[in-house]
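Please take a moment with the sequence and the fold before reading on. The paragraphs below are meant to be read beside them.

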Amino acid sequence: MTEPIEPGAGAADIDALVRDRAAVRVDLPEPMLEAMLQQARALTVERRPTLRDRLRELPSSARVVLVLTTVLGTSSVLAGASPRDDLAALWRLDLVVWGSVLLLVTVGSVLAVLRGMHRRPLGPIEVVLAGLGLGLPVLLSLVPGLLPGVALPDGEAMAMHRACFAGSGLIAGPTAALALSLVRDDKPPLARVFAAAGAGGAAAFLAQALHCPWSDMAHLLVSHASVGVAVAAVAVAVTRMMSGGDPAR
């Protein structure tokens, strides 16, 4: 049977707690408190939204259109401004099929990357899209004769490699950078980072197929297919650095 609690019991403990609280209390100088308050206001209620903040507040559909417009614009500059002379030879059924797959991968990856945080994550689908965007250009480059074209001129291989890599980078880089800038999650999962790079890599490979006549396997791998992987490496490094290096995300 529980003994009754005597009146006044525990008063000493309460007094001790009050004394401990008084002992550890730190009274900051008024100027320091005011500076902390001003800093808190500057980071919250008084913070002016940046252009990125305004763009991230757009509906998902508007952000997707913005990225796809960038993809179309940069690809048109490369492929549309100077299409290859043998462009008519490209319109074979197999080329139309894998070209359509690359296009679908690009669009699907952008949709996955910019998917609203309130919606259920796609999970494995994001991983598949990232794998297709980064891996399909490599696989297509390894198939002999898949891309009709001519061999690189003697003595000009390095110059052509650099030119095509730079051209592909002008598509893949801005695509991935813009897509990741518009993601509302400040720490996007790795799958979305790879998917963003894959979207740019797939679009760049397709644009280069319409622009570059050189069909050497080494050239396709080094200058066309590797760009998405290179952009992915940079994107991972940048996003992990911005998120504090959290390896789990």
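What follows goes from the chain as a whole to its cores, its salt bridges and a patch on its surface.

This is a predicted model, and its confidence is a sensible place to begin. The pLDDT averages 84 over the chain, and 82% of the residues score at least 70. Residues 1-5 stay under 50, and for this stretch the model has zero contacts beyond four places in sequence.

The secondary structure consists of nine helices and zero strands. Of the 249 residues in the chain, 35% are buried. The contacts between residues at least 6 apart in sequence are made in 88% of cases by residues at least 24 apart. The chain exposes about 14700 Å², of which carbon and sulfur atoms supply 68%.

Turning to the interior, the largest nonpolar core has 31 residues, and Val67, Val113 and Leu114 are those with the most contacts inside it. Two or more residues come to this core from each of α4 (60-80), α5 (93-113), α6 (124-142), α7 (157-181), α8 (190-211) and α9, with α8 giving the most, namely eight residues. Once residues up to four places away in sequence are set aside, Val113 touches Ala179, Val183, Arg192, Ala195 and Ala196. A second, separate core has 14 residues, among them Trp98, Leu140, Leu146 and Ala225. In soluble globular proteins, nonpolar side chains tend to be buried together.

Two further residues show how parts of the chain distant in sequence are placed in space. Leu66, in helix α4, is partly exposed because its relative accessible area is 30%; leaving aside neighbours within four places in sequence, Leu66 is in contact with Leu55, Leu178 and Leu182. The C-alpha atoms of Leu66 and Ala179 are separated by 8.9 Å, although these residues are 113 apart along the chain. Ala177 lies in helix α7 and is also classed as partly exposed, because its relative accessible area is 43%. Between the C-alpha atoms of Ala177 and Val231, which are 54 residues apart along the chain, the separation is 9.1 Å.

Charged side chains can be followed next, since those of opposite charge can pair when their charged atoms come close. Three salt bridges are found in the whole structure. In one of them, the side chains of Arg56 and Asp186 meet at 2.8 Å, N to O, and the pair links helix α3 (residues 51-56) with the loop between α7 and α8, 130 residues apart. Arg56 counts as buried because its relative accessibility is 11%, whereas Asp186, with a relative accessible area of 55%, is exposed. Glu126 pairs with Arg192, the closest N and O atoms being 2.8 Å apart, and this pair links helix α6 to helix α8 across 66 residues. Glu126 is buried at 5% relative accessibility, and Arg192 is buried at 9%. Asp86 forms a salt bridge with Arg84, where the closest N and O atoms are 2.7 Å apart; Asp86 is partly exposed at 27%, while Arg84 counts as buried at 6%.

On the surface, Val234, Val238, Met241 and Met242 make a nonpolar patch of about 430 Å². Val238 belongs to helix α9 (residues 217-242), and counts as partly exposed because its relative accessibility is 36%. Helix α9 is also among the elements that give two or more residues to the largest nonpolar core.

Key:
Residues are numbered from 1 along each chain as its sequence is written. This is a predicted model: local features need pLDDT of at least 70, side-chain atom pairs count only at pLDDT 80 or more; totals for chains, interfaces and linings use all residues. Side-chain values use heavy atoms; hydrogens and water are left out. Patches are made of residues with over 30% relative accessible area and no salt bridge: like charges are joined within 9 Å, nonpolar side chains (Val, Leu, Ile, Met, Phe, Trp, Tyr) within 5 Å. Accessible areas come from the Shrake-Rupley method with a 1.4 Å probe; for residues, only the protein chains shown count as cover. A salt bridge is a side-chain nitrogen of Lys or Arg within 4 Å of a carboxyl oxygen of Asp or Glu. Helices (H or I, at least four residues) and strands (E, at least two) are DSSP runs, numbered from the N terminus. Buried means under 20% relative accessible area, exposed over 50%, partly exposed in between (1.4 Å probe, protein chains only). pLDDT is the predictor's confidence in each residue, from 0 to 100. Contact means heavy atoms within 4.5 Å. A nonpolar core is a set of buried Ala, Val, Leu, Ile, Met, Phe, Trp, Tyr and Cys residues joined through side-chain atoms within 4.5 Å.
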